[in-house]
Amino acid sequence: MSAHAEEHFAGSNKLFISIWIWLLVLTGIEVFLAYKPMPIHYMLTILMGLSIIKAALIVAYFMHLKFERLSLVLTVVPMLVTCICLFFVFFPDSFRSSGLRYKFKEQPPVPAESPENP
Amino acid sequence: MSTEARAETFTAADWGGGVLPYRVGHRKLGMWLFIVSDSLTFSALLIGYSYLRASNNWPTPFPFYPSIVFATVMTFCLLSSSLTMVFGVSASSRGDKAGARKWILSTIFFGVAFIVLHLIEWNHLITEGLRPFFLPEHWVKVFTASDGTPPTPLFGATFFAITGLHMFHVATGAVYLSVVAARVKKLKHEDVEISGLYWHFVDLVWMFVFPLIYILSVDVGGHLAK
């Protein structure tokens, strides 16, 4: 079978325009949320949720993955998601190092020279 | 036929040679694999940024105008460029090479608009005094925490590295699409589709850079303006 035997490109212009409008609406919601007072972890969760929805719309429709073979989807997506999730292993260290930071008001200033560390 | 026997036939048919198991050409598969590896590059950068942000006093300096307005218009440009690109690929699949060229040129226009707006936005921040390892003095005064912890100077490093690498991808994409537009009559449809994949990926990355870098660093109380 030739690599370019099938040149049918699924999806109508109407569908792509509706996806574009959805992406713009979700972006508008993100900007609106930026000015809503709420705890940072709520904000982060909502923003990342919206971003994942936007990314999924782009990958599925604009990048056409929805219309590709399932074997290609299963080759590309799960290992990427797994690798990205593995990055999260660093965060406990990040929170810990935040607690180790020098406390400006609670601790005296470090002397320029001390007898132990000339 | 048992399920196992069916599976065997299916596997043999797909992986026994002589066919394309994914039903895509090797170049398109190569672009998908490149996109996966580049996704990991950007993921690593954004996770590194989040790591630093969680362990430091992070400044939130972006005012509604110019930063957020510019970043939102830039998002509009990239999303619109993806729409014009998908129209270009669609035209190419119908064999309408002139139409494909027209839509790809529109995509390049939106991409260049994104870069110009981003450079103006960079210029605002650089004029204000932001550098990769230094914050403007008035930012340090405003964003020093109540316990005396100063804001981290790494803000500039993460901002310029992540948005700079993304801008480089957009610029590379604009050059790539220019070549595709110039040679569209000689290229196969799959080549146009592959360039589209790259362009949509650049758009996709911005969908994470925009909220993480801009939206989460909005100066909500207008502290810097006071």
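Student: Before we start, what counts as a contact between two residues here?

Tutor: This is a predicted model, and contacts are judged from C-beta atoms placed from the backbone. Two residues touch if those atoms lie within 7 Å.

Student: OK, so how many residues does each chain bring to the contact?

Tutor: Go chain by chain. Chain A puts in 47 residues, and chain B puts in 46 residues.

Student: Which helix of chain B gives the largest share of the side that touches chain A?

Tutor: Three helices of chain B each supply at least two residues there: α2 (26-54), α3 (64-93) and α7 (189-214). By class, that side has 28 nonpolar, 13 polar and 5 charged residues. The largest share, 12 residues, comes from α3(B).

Student: What is chain B built from, helices or strands?

Tutor: Follow the sequence of chain B and you read α-α-α-α-α-α-α. The count is 0 strands and 7 helices.

Student: Why is chain B called more spread out than a compact globule?

Tutor: Its C-alpha atoms fill a box of roughly 75 × 45 × 25 Å along the principal axes. For 226 residues the globule rule gives 17 Å, and chain B is well over that, so it counts as more spread out, with a radius of gyration of 22 Å.

Student: What share of the contacts in chain B join residues at least 24 apart, among those between residues at least 6 apart in sequence?

Tutor: First, a bit of background on the chain: 39% of the 226 residues of chain B count as buried. Now take the contacts in chain B between residues at least 6 apart in sequence; the part joining residues at least 24 apart is 77%.

Student: Which helix supplies the largest share of the largest nonpolar core?

Tutor: That core has 68 residues, and those with the most contacts inside it are B:Ile104, B:Val205, B:Val209 and B:Phe210. Both chains feed it: α1 (13-34) and α2 (40-62) of chain A each supply at least two residues, as do α2, α3, α4 (97-128), α5 (137-143), α6 and α7 of chain B. The largest share, 17 residues, comes from α7(B).

Student: What does B:Val205 touch, leaving out residues up to four places away in sequence?

Tutor: B:Val205 is among the residues with the most contacts inside that core. Skip the residues up to four places away, and its partners are B:Phe42 and B:His166.

Student: Where in chain B is confidence lowest?

Tutor: The mean pLDDT of chain B is 93, with 95% of its residues at 70 or more. Confidence is highest in α6 (residues 154-182) of chain B, at 98, and lowest, at a mean of 68, in chain B's helix α1 (residues 3-15).

Key:
Residues numbered from 1 in each chain as written. Chains lettered and ligands numbered in written order. Predicted model: local features only at pLDDT ≥ 70, side-chain atom pairs only at ≥ 80, totals over all residues. Helix = DSSP H or I, 4+ residues; strand = E, 2+ residues; numbered from the N terminus. Nonpolar A, V, L, I, M, F, W, Y, C, P; charged D, E, K, R; others polar. Rg over C-alpha atoms; globule rule 2.2 N^0.38 Å. Buried ≥ 20, exposed ≤ 12 C-beta atoms within 10 Å, placed from the backbone. pLDDT = per-residue confidence, 0-100. Core = buried A, V, L, I, M, F, W, Y, C linked by C-beta atoms within 7 Å.
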